[in-house]
Structure formats: C-alpha cells, structure tokens
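This report describes selected helix packings and individual residues of one protein chain. Please consult the sequence and the structure below while reading.

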Amino acid sequence: MSDQQKSFSSSFGAIMAAVGSAVGLGNIWRFPYICGKYGGGAFLVVYLCFVFLLGAVLMMSEFVIGRRSQHTQMKAFTSLAPNHKGWCIFGLLGVIASFFILSQYLVLSGWTTGYLCKAVSGSLASLGTDATAISAYFTTFSTSPLQPVIFLTIFSVLVLVVILGGVQKGIENVSKVLMPILVVLILVLCVRSLTLPGAGKGVEYLFSPDFSKLSGEGVLAALGQALFSLSVGMGVMVVYGSYIPVSDNIFKTSMWITACDTLIAVLAGLSIFPAVFSCGFDPAGGPGLVFCVLPNVFNTMGTAGSIFAAIFFVLLAVAALTSAISLLEGLTAWFCEHTHASRRLAAPFFFLLTTALGIVFALSFSTLSEVKITGYNLFDFVDRLNSIYLPPICALGTVIFFGWVLPEKDVKDELSNHGTLKIGYYPVFRFLARYVAPLALLVVLISGIFA
Ligand code: PHE
C-alpha cells in the first residue's frame with residue numbers, strides 16, 4: 001500500500017470527506033419523511049436549532065479530540081486525559097455503535113444498489129403505474145433470501161476497495177469526485193420536481209409549519225436525526241478529525257459540513273415531495289417512500305422517468321457509499337492503532353464481519369424473520385440499539401469529557417490553531433458544550449429508554 005498518509009491533503013478534501021460521511025441515507029431517505037410527518041416547517045425550525053446548536057458543537061468537539069490527540073476513538077481519550085482513562089469506554093462504545101450501524105446501513109444500501117440496477121435495466125419501468133404491483137415487487141425483492149444478499153455484498157466490496165486505497169487516495173479522492181456529482185444530481189432532480197404541475201403542494205407539505213404535529217416525539221426525532229445526520233456520537237468524526245490538516249480552522253470546517261448536510265437534506269425533500277404530490281400520491285414513511293412510491297412517480301413520467309429513476313438511485317447509492325466508507329474507516333483505523341495490523345489486513349477483517357452481520361440483518365426480512373429479540377426482529381432490534389441507545393450515550397460521554405475533563409488550554413489551542421485564529425465564538429460554544437448539549441442528550445436518552 002503506497003498511501004500510508006494519515007491526513008487529508010487539503011481543506012477541501014477534508015470537508016468533502018466529512019460531508020460524504022454526513023450526507024447519507026439519513027438525508028435523502030429519512031429526513032424528508034420525518035420532516036413532513038412532524039409538522040414540516042415547525043420540525044425544520046427545531047431541527048435547525050439542534051443541528052447548529054448541538055450537532056455542530058458535537059462535531060467540533062470530536063474534531064478537536066481527534067486532531068489534538070492524533071489518535072482514534074479510544075486512545076484519543078486516554079492520551080488527552082491520562083489521569084481519567086475510564087473515559088475511553090465511550091470511545092469503545094463508539095466503535096461498537098459504528099460496527100452495528102454499518103452492518104444495518106449495508107442492508108438499506110444493498111436494497112438501493114439493487115434498485116439502481118433495476119432502474120438502469122428497465123425492470124422498474126416495466127412495472128408501469130400499478131401501485132399494488134410496485135409494492136409487491138418490493139416485498140418480493142426484500143423478502144427474497146438471495147437478491148438483497150448479493151447486492152449488499154457488491155456494495156460492501158466497493159466500500160472495501162475505497163478503504164484499501166487509503167486516506168488520501170481512497171477516501172479523499174473518491175469524496176472529492178462523488179460529492180460534487182451528488183450536488184449536481186440532486187439539483188437536476190429538484191428542478192424537475194419543482195417544475196411539475198401542482199408541485200406547490202409538496203413544497204407546502206415540507207415547509208408550511210404545523211405546530212400541532214410537532215409533539216414531544218417530534219422534538220426527540222429532530223434531535224436524533226441531527227446527531228445521525230451529522231455522523232456524530234460514533235467516534236467517526238474523531239477519526240476524521242485526526243486527519244484534518246493542522247492549518248485548518250475547525251470552526252469553519254464544521255460550519256461548512258453542517259450547512260452542506262442540512263442543505264442537501266432540504267434539497268432531497270424538495271426533489272421528492274413536489275413530484276409525489278404532483279403525481280397524486282400520498283407521501284409514505286420508511287422504505288415505502290423510496291422503494292414503493294417513488295418508482296411509481298417515475299413511471300408516470302414516461303421515458304424521461306426512467307432516466308430520473310436512474311439518477312435518483314445513483315444519488316442514493318453515492319450518498320450511502322461515502323457514509324459507509326467513513327464507518328468502515330473508523331473501525332479500520334481503530335483496529336490498526338490497537339493491534340498495529342496493516343490497513344490491508346484490518347479493512348478486510350471488518351468488511352467480513354460487518355458484511356456477515358449485514359447479511360443476517362437482511363435475512364431478518366426472509367429466512368430469519370421468526371428470530372426475535374425482546375419482541376423485535378433482528379433488523380428492528382438493531383435499529384433501536386442504533387438510534388435510541390448507542391449514539392446518544394456515546395455523544396453524551398464525549399461532550400462531557402470535552403466540556404469538563406479535557407483541559408481548556410487544549411481546546412482553545414486547537415480551535416485557535418495555537419493562537420493564530422480569533423475565537424470570538426468561544427464563550428457561547430463552551431456554554432453549549434458544557435451545559436446545553438449534555439442536558440439535551442440526557443433528556444433524549446431518558447425519554448428514548450422509557451418511551
Ligand atoms: N450521517 C449518515 C447519514 O445521514 C449516517 C452515518 C452515521 C454515517 C454515523 C457515519 C457515521 O446517513
């Protein structure tokens with residue numbers, strides 16, 4: 001392996017890689033439907049507050065911990081606070097969270113890859129506009145014991161190839177190419193969707209504030225989504241933080257990533273709902289929206305619809321790929337640091353483990369559908385683990401460590417690049433990191449566990 005470089009080569013590369021991690025299925029598949037579900041504009045306001053006041057603060061904390069220590073999740077904690085070694089447990093939790101999230105992410109990514117192939121080969125178009133046939137097609141696909149496994153494996157191999165390429169030649173170069181393509185694709189879809197007759201209804205669904213739909217559950221969903229979407233609470237950004245060039249301004253970098261992530265989530269909503277309403281469909285939640293409603297929307301557009309379907313699934317696959325890359329990189333870097341194994345050994349090792357577990361989760365819709373843990377099938381069980389428990393606990397530990405254990409000198413030094421940058425925002429930032437973020441996370445955690 002020629003590329004042993006443990007740093008991104010430029011600010012642009014660092015931002016693209018981290019945006020690649022942040023922009024994923026969470027933005028394009030999940031954000032639009034939960035935004036519509038919990039009151040459109042009302043949800044958006046709460047989401048924006050969480051993203052900028054908490055998510056961005058957490059991201060900056062993870063970047064500071066990573067760049068300051070030049071270590072991965074666990075060693076970062078122990079090296080920065082040698083007298084408080086116990087905090088590394090949160091690093092370990094992050095590793096466990098990344099492992100389970102990647103395995104689960106691979107299932108949806110496999111479905112996306114499958115639908116991309118079906119959109120390109122024309123088999124989606126051949127279903128016409130029969131909603132029942134399209135839903136049945138998805139059920140047959142997702143409950144087949146073979147197809148999801150094959151596509152999941154293809155996707156996983158792609159992730160592995162990029163990781164084997166290394167930090168600069170693999171992750172950074174791929175992100176620098178794919179992220180701009182993603183922006184162009186989403187803009188094309190957005191323009192198409194917004195210029196369809198009756199598109200206004202979709203825009204209204206997404207943005208007009210309905211505070212009656214914004215329940216406590218909606219507020220919690222907004223916070224959970226903010227963490228997941230910015231890829232914080234799993235230590236992945238600690239690892240990426242350790243690759244950020246020393247001359248970069250962590251505050252600016254984090255703001256760029258946060259802004260891009262939010263913008264792409266909103267653009268995804270604007271590409272999906274106007275088209276859904278214009279074609280006279282009901283917006284659905286969960287996999288139903290992307291795999292059952294959208295193919296029908298595309299099929300009502302005739303021949304051009306096949307092209308838009310292909311564009312959409314390429315977009316989704318690209319978003320999923322760069323996120324999965326960051327998860328596998330987090331695991332690989334952690335393993336290399338602790339065992340001194342090479343990337344060439346560590347990456348395939350985690351590739352095998354997460355792919356195998358991903359296959360088990362994929363089969364929980366077919367062969368293994370009877371296997372239940374505490375009443376949930378395997379996929380739903382791990383989904384709860386990944387949304388309610390692991391990331392909020394890990395985020396809480398990280399932010400308390402950052403605000404209360406890490407010496408303030410380290411934080412200021414890292415944010416100001418050793419005194420060369422102005423950090424006028426620091427008092428507000430510190431207040432958010434010490435009080436607001438831990439409290440908010442504690443509330444989410446408790447209500448998530450007892451709800
Ligand atoms: N942020 C990604 C998304 O929105 C998911 C992700 C979470 C990626 C954690 C990496 C780490 O889909």
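N417 is buried, because its relative accessible area is 8%; buried denotes under 20% relative accessible area, exposed over 50%, and partly exposed the range in between, with a 1.4 Å probe and protein chains only. The residue is found in the loop between α17 (408-415) and α18, where helices (H or I, at least four residues) are DSSP runs numbered from the N terminus. Its phi is near 50 degrees, a positive value in a residue other than glycine. Most residues other than glycine have a negative phi.

The model is predicted, so local features need pLDDT of at least 70 and side-chain atom pairs count only at pLDDT 80 or more, while totals for chains, interfaces and linings use all residues. Residues are numbered from 1 along each chain as its sequence is written, and side-chain values use heavy atoms, with hydrogens and water left out.

S231 also has a positive phi, of about 60 degrees, although it is not a glycine. S231 is placed in the loop between α10 and α11 and is buried, with a relative accessible area of 9%. Helix α11 (residues 236-243) is largely enclosed by the rest of the structure, because 8 of its 8 residues are buried. These are V236, M237, V238, V239, Y240, G241, S242 and Y243.

In helix α10 (residues 216-229) lies V219, which is partly exposed at a relative accessible area of 30%. Leaving aside neighbours within four places in sequence, V219 is in contact (heavy atoms within 4.5 Å) with V46, F50 and L214. The C-alpha atoms of V219 and F401 are separated by 25 Å, the two residues being 182 apart along the chain.

The accessibility values of the individual residues are collected here.

| Residue | Relative accessible area | Class |
|---|---|---|
| N386 | 5% | buried |
| N417 | 8% | buried |
| S231 | 9% | buried |
| V219 | 30% | partly exposed |

N386 belongs to helix α16 (residues 378-405). A polar atom of the N386 side chain lies 3.5 Å from the backbone oxygen of F100. Leaving aside neighbours within four places in sequence, N386 is in contact with A97, F100, I101, Q104 and P391.

How do α16 and helix α18 (residues 426-450) pack? Their axes, which are lines fitted to C-alpha atoms over the stretch in contact, are 9 Å apart at an angle of about 155 degrees, on a scale from 0 to 180 degrees between N-to-C directions. That makes α16 roughly antiparallel to α18, a term for angles over 145 degrees. The crossing of α16 past α18 is left-handed, that is, the near helix is turned anticlockwise from the far one by less than a right angle. Among the α16 residues that meet α18 are I388, Y389 and W404, and the α18 side includes F429, R430 and R434. By class, the contact of α16 with α18 has 19 nonpolar, 2 polar and 2 charged residues; Ala, Val, Leu, Ile, Met, Phe, Trp, Tyr, Cys and Pro count as nonpolar, Asp, Glu, Lys and Arg as charged, and the others, Gly among them, as polar.

The axes of helix α3 (residues 41-69) and helix α12 (residues 250-278) come within 9 Å and cross at roughly 140 degrees. That makes α3 oblique to α12; oblique covers angles outside the roughly parallel (under 35), roughly perpendicular (65 to 115) and roughly antiparallel (over 145) ranges, in degrees. The crossing of α3 past α12 is right-handed, meaning a clockwise turn. The contact includes L44, Y47 and R67 of α3, together with I250, F251 and D261 of α12. Its residues divide into 16 nonpolar, 4 polar and 2 charged.

Notes
Helices (H or I, at least four residues) and strands (E, at least two) are DSSP runs, numbered from the N terminus. A polar contact is a pair of N or O atoms within 3.5 Å; within protein, one must be able to donate a hydrogen and the other to accept it, and residues adjacent in sequence count only if both atoms are side-chain atoms.
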